[in-house]
Every structure is written in C-alpha cells, then in structure tokens.
Amino acid sequence: MLLAILLQSAAAAGLGKLGAALGAAIAVIGAGIGIGKIGGSAMEAIARQPEAAGDIRMNMIIIAALVEGVALIAIIVCLLTLFL
C-alpha cells in the first residue's frame, strides 16, 4: 500500500520531489532518535553522579539544541528543493 502511494507520487511529481520529501522525513526521524538517546544517556549519567546534575543537564540541552538546529536546516533544504 505504501509502496503504491510512493510510486504514484513519484510518477506524478517526479523523483526529485519524492527524494526531497523522503529526505525531510529521514531528518525528522533521525533528530527524534538522536534527541531521545541524548536524554536517556543524560538521565543515566545523572543517576550515576547526582552531584553533577547541573553540568550534565546543561550539556544535554546544548547538544539537543544543536541536533535540532541541524535537523531544521535539513528540513528547510529539503522543502526548498521540494517547492523550487
């Protein structure tokens, strides 16, 4: 079912637009997985060393923001490719 929809959209819109849409989807999925791993690892680190919770939390937020920024740039590039 999904393959049929993808093939129909590829035939109608061209492979470039399909690739841009898939690229945006992969960027979102990758960022979600990455931020989830960052959060999980930070919680483990805080559980092991509660006295370093402030430093770990600060680093976690900075890294999550960087990952989210890269994902946003990837989505913008893919969507610009999709609409131009």
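These legends describe close-up views of a predicted model.

**View 1. The whole protein chain is built from helices.** The secondary structure comes to three helices and zero strands. Along the sequence, the pattern reads α-α-α. The protein chain has 84 residues, and 20% of them count as buried. Its exposed surface is about 6000 Å². Carbon and sulfur atoms supply 76% of that surface. Among contacts with a separation of 6 or more, 61% come from residues 24 or more positions apart.

**View 2. Helix H2 covers residues 15-48.** H2 has 34 residues. From its first C-alpha to its last, H2 reaches 49 Å. That is close to the 50 Å expected at 1.5 Å a residue. The buried residues in H2 include Leu-18, Ala-20, Ala-24, Ala-27 and Ala-31. Further along H2, Ile-38, Gly-39, Ala-42 and Ile-46 are also buried. An α-helix has 3.6 residues a turn, so residues three or four places apart point the same way.

**View 3. Helix H3 covers residues 53-83.** At 1.5 Å a residue, the 31 residues of H3 should span 45 Å. The end C-alpha atoms of H3 are 44 Å apart, which agrees. The buried residues of H3 are Ala-53, Ile-56, Ala-64, Ala-71, Cys-78 and Leu-82. Which helix do the buried residues of H3 pack against? They pack against H2.

**View 4. The largest nonpolar core holds five residues.** Its members are Ala-42, Ile-46, Ala-52, Ala-53 and Ile-56. H2 and H3 are the elements that give two or more residues to this core. Ala-42 and Ile-46 are among the buried residues of H2. Ala-53 and Ile-56 are among the buried residues of H3. In soluble globular proteins, nonpolar side chains tend to be buried together.

**View 5. Arg-57 and Asn-59 lie in helix H3.** Is Arg-57 buried or partly exposed? Arg-57 counts as partly exposed because its relative accessible area is 43%, between the limits of 20% and 50%. Asn-59 is also partly exposed, at 40% relative accessibility. Each residue can be placed relative to an alanine elsewhere in the chain. Arg-57 and Ala-45 are 12 residues apart in sequence, and their C-alpha atoms are 9.6 Å apart. Asn-59 and Ala-42 are 17 residues apart along the chain. The C-alpha atoms of Asn-59 and Ala-42 are separated by 8.8 Å. Ala-42 belongs to the largest nonpolar core.

**View 6. Ile-76 of helix H3 is shown with Ala-24.** Ile-76 and Ala-24 are 52 residues apart along the chain. How far apart are the C-alpha atoms of Ile-76 and Ala-24? They are separated by 8.1 Å. Ala-24 is buried in H2. Ile-76 has a relative accessible area of 44%, so it is partly exposed.

**View 7. A nonpolar patch lies on the surface.** Which residues make the nonpolar surface patch? Leu-72, Ile-76, Leu-80 and Leu-84 make it. The patch measures about 450 Å². Both Ile-76 and Leu-80 lie in helix H3. Leu-80 has 48% relative accessibility, so it counts as partly exposed. Ile-76, at 44%, is partly exposed too. Both values are over the 30% relative accessible area that patch residues need.

Terms used: Residues are numbered from 1 along each chain as its sequence is written. This is a predicted model: local features need pLDDT of at least 70, side-chain atom pairs count only at pLDDT 80 or more; totals for chains, interfaces and linings use all residues. Side-chain values use heavy atoms; hydrogens and water are left out. Helices (H or I, at least four residues) and strands (E, at least two) are DSSP runs, numbered from the N terminus. The expected span of a helix is 1.5 Å times one less than its number of residues. Buried means under 20% relative accessible area, exposed over 50%, partly exposed in between (1.4 Å probe, protein chains only). A nonpolar core is a set of buried Ala, Val, Leu, Ile, Met, Phe, Trp, Tyr and Cys residues joined through side-chain atoms within 4.5 Å. Patches are made of residues with over 30% relative accessible area and no salt bridge: like charges are joined within 9 Å, nonpolar side chains (Val, Leu, Ile, Met, Phe, Trp, Tyr) within 5 Å. Accessible areas come from the Shrake-Rupley method with a 1.4 Å probe; for residues, only the protein chains shown count as cover. A salt bridge is a side-chain nitrogen of Lys or Arg within 4 Å of a carboxyl oxygen of Asp or Glu. Contact means heavy atoms within 4.5 Å.
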